[in-house]
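Good morning, everyone, and thank you for making room for this on the agenda. I would like to walk you through a structure that may be new to you, and I will take it slowly.

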Amino acid sequence: MKLTTAQALVRWLLAQRSETLDGREVPLFPGVFAIFGHGNVLGLGTALEEHRDELPVWRGQTEQGMALAAVGYAKATHRRQVGVVTSSIGPGALNMVTAAGVAHANRLPVLLLPGDTFTSRAPDPVLQQVEHFGDPTATVNDAFRAVSRYFDRITRPEQLLSTLPQVARVLTDPADAGPVTLALPQDVQAETYDFPDALFEPVTHRPQRPRPDRRALTEAAGLLRTARKPLLVLGGGVRYSGAGGRALAFAERHGIPVTETTAGRTLVPHGHPLHAGPLGVTGSASANVLAAEADVVLAVGTRLQDFTTASWTVFSPGVRLITLNAARFDAVKHGALAVVGDADAGLVDLATQLENWQADPLWTERASAERARWDAHVDTLRAASGEVPTYAQVVGAVNDLSEPHDYVMTASGGMPGELIGGWRGSGSISMDVEYGFSCMGYELAGAWGAAMAHDEGLVTTMLGDGSYLMLNSELFSAAFAGHPFVAVVCDNDGYAVIARLQQGQGGKPFNNFLGDCRSAHATPPRVDFARHAESLGCAVFAASTVDDVRSAYAKAREAAVAERRPAVVVVRTQPDSWTEAGAWWEVGVPEHLAGREDIERGKAAQVRYLTGRI
């Protein structure tokens, strides 16, 4: 079949299918996000136009925003579907690098197809080309190498035959999932080749469930049987394996209290008696209290990021660590007893080895008791009086009005601590807190992608004024395309959570709150977020009190669904009221600042290397 490189690539995309965790067959690549330029409009653009009825193409306003939307789509589909993003050469390509970092840090699949310079070099230097004096083969797309799981530059059409199976492998591999970058020189995009028909035969990619090594399971079971105070930590890998129900049944059978990481949040119904709450800096005091006493920790599907481990101070120095993870890279960290395999299959096999072993019932009961104390604390924060709402009160209002199949999102600033620590879920997977890369701007662009993926339930994204100003143009993209979601914008006059860190460690107020930034005006201009969002095609509702937030959010939900566009709630919030879990976090503090003493105390308490051996 004689096709251009671009035509062959698009036909291959159409042939790839995926099996969801509930057994449905869907397209692996459900759509493409595209901004065209001279580097891709005639090659890939023409090929996409030929299949516009089979493969939807959505035009965003920024390449970064489109790629973040693709990341949000992948998270919302539990890594079973992959967004494709294409850009032209130069700035369009480099705009996607940040989103590639988001996908890489969070182990989420996305396929990036940036245009590239001519392989012939005949017209060099072309528009937007960056020339490297000592390496003519280097282009801006080499910047993607640091944030790609798999990178290739297609310099001949027939190279697709060997690289496309690897593309599919990485995008669907539970251990290796992440961003794939195929740089496409514009002359090669248009070059033809006789491709074999077999390349375009339909292929269904099913969830991989590698089983752990039997000896590792036996050793892990032996260690768990010695535990007086075991603790189960559930991460994003449990979500992507579809193992949430299995993990909860495992905990119930053996009486093990359960905590969640950021990526594993809402796997467990909030009111379940074994639910100790979320773990770590942005988690809950209840989970952190149990973690400090646990003698054996079974961490499933998590890379144990510093916010989860409180920079490795949340566990006691004598704790024994077992890690069940599809990625050996993550399983062997920190000297753990590594059990490498799928979360669902691994928990089945481990339960068989444990038979009827049970944790001490007094320890089992601690989970609900400690969480009840944390819930009472959060209730107090939500009920606090004051004319200006706090983040906790805004989150509480949204939580109360949400439905079981709704989906809530955030990424940066103070909102992750409020959602992770304070949200009360029903047990459906209903949260995306992008706190692996903590990318400001993901909140709106990612919500566009998540809204595309959600057939039932409404997506709500929560963000601060700083994130809104960082990247808001995809509000127009979602309004234009007809993808509804609700955005709750909390305006507290700047980067409040970084100001808290700065001043809490003894630094002077500087360059975070707008009032502490350099300005030429005695009365600096203010952003009218409501009018701005309205100008981008959104329905807008303003609020000033907690009761206003409830009313505005209820109206926004109705408007988003009825009008098929984003609805934005804008509310002024307090700049210095937060939900605190009482955990420590290591940051770099100069010796002359007051916070250095606390850093030294924390570092002395850090667990440097754990062991999972008996």
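I will go through salt bridges, then one sheet, and then the cavities.

Please keep in mind throughout that what you are looking at is a predicted model.

Let me begin with the charged side chains. As general background, side chains of opposite charge can pair when their charged atoms come close. In this model the count comes to 37 salt bridges, and I have picked out a few of them.

Take Glu19, which forms a salt bridge with Arg206, with 3.1 Å between the closest N and O atoms. Glu19 belongs to strand S2, residues 16–19, whereas Arg206 sits in the loop between strand S11 (203–205) and helix H8 (214–225), so this pair ties together parts of the chain that are 187 residues apart in sequence. Are these two residues buried or exposed? Glu19, at 23% relative accessibility, counts as partly exposed, and Arg206, at 46%, counts as partly exposed as well.

Now please look at helix H15, residues 361–383, where Arg373 and Glu370 are three residues apart and therefore separated by about one helical turn. Their side chains meet in a salt bridge, at 3.0 Å from N to O. Here Glu370 is buried, with a relative accessible area of 10%, while Arg373 counts as exposed at 52%. These two residues also belong to a network of salt bridges that links Lys229, Glu293, Arg366, Glu370 and Arg373.

Helix H15 also takes part in a further pairing, since Asp379 in that helix is linked to Arg424, in the loop between helix H17 (415–422) and strand S19 (431–433), and the two residues are 45 apart. The closest N and O atoms of this salt bridge, between Arg424 and Asp379, are 3.0 Å apart. Both ends are partly exposed, Arg424 with a relative accessible area of 25% and Asp379 with one of 37%.

Let me turn to the sheet. In general, strands of a sheet pair through backbone hydrogen bonds, either parallel or antiparallel. The one I want to show you is an open sheet of six strands with parallel pairing, in the order S14-S13-S12-S15-S16-S17. Strand S14 (275–278) and strand S17 (337–340) stand at its edges with a single partner strand each, so one side of each is left without a neighbour in the sheet. On average, and ignoring direction, neighbouring strands here are turned by 20° against each other. If you follow strand S13, residues 258–260, you will see that it pairs with S14 in the parallel sense over three bridges, and that Thr259 stands opposite Gly277 in S14.

Finally, the cavities: how many of 30 Å³ or more does a search of the whole structure find? The search finds four, and the largest cavity has a volume of about 610 Å³. Its lining is made up of 41 residues, and those nearest the centre of the cavity are Arg79, Gly236, Gly237, Tyr240 and Gly301. Helix H6 (160–172) and helix H9 (236–241) are the elements that give two or more residues to this lining, and H9 provides the largest share, with four residues. By residue type, the lining of the largest cavity divides into 16 nonpolar, 15 polar and 10 charged.

The second largest cavity has a volume of about 40 Å³. Among the residues that line this second cavity are Ile89, Asp116 and Thr117, and its lining divides into four nonpolar, four polar and one charged.

How values were computed. Residues numbered from 1 in each chain as written. Predicted model: local features only at pLDDT ≥ 70, side-chain atom pairs only at ≥ 80, totals over all residues. Heavy atoms only, no water. Salt bridge = Lys/Arg side-chain N within 4 Å of Asp/Glu carboxyl O. Buried < 20%, exposed > 50% of the residue type's maximum accessible area, 1.4 Å probe, protein only. 1 Å grid on protein atoms, 1.4 Å probe; cavity = no way out; pocket = protein on both sides within 12 Å on 5 of 7 lines; lining within 4 Å. Points joined across faces, edges and corners; volume = space filled by probe spheres on them. Nonpolar A, V, L, I, M, F, W, Y, C, P; charged D, E, K, R; others polar. Pairing = 2+ DSSP bridges. Axes fitted to C-alpha atoms, helices over the stretch in contact; angles between N-to-C directions.
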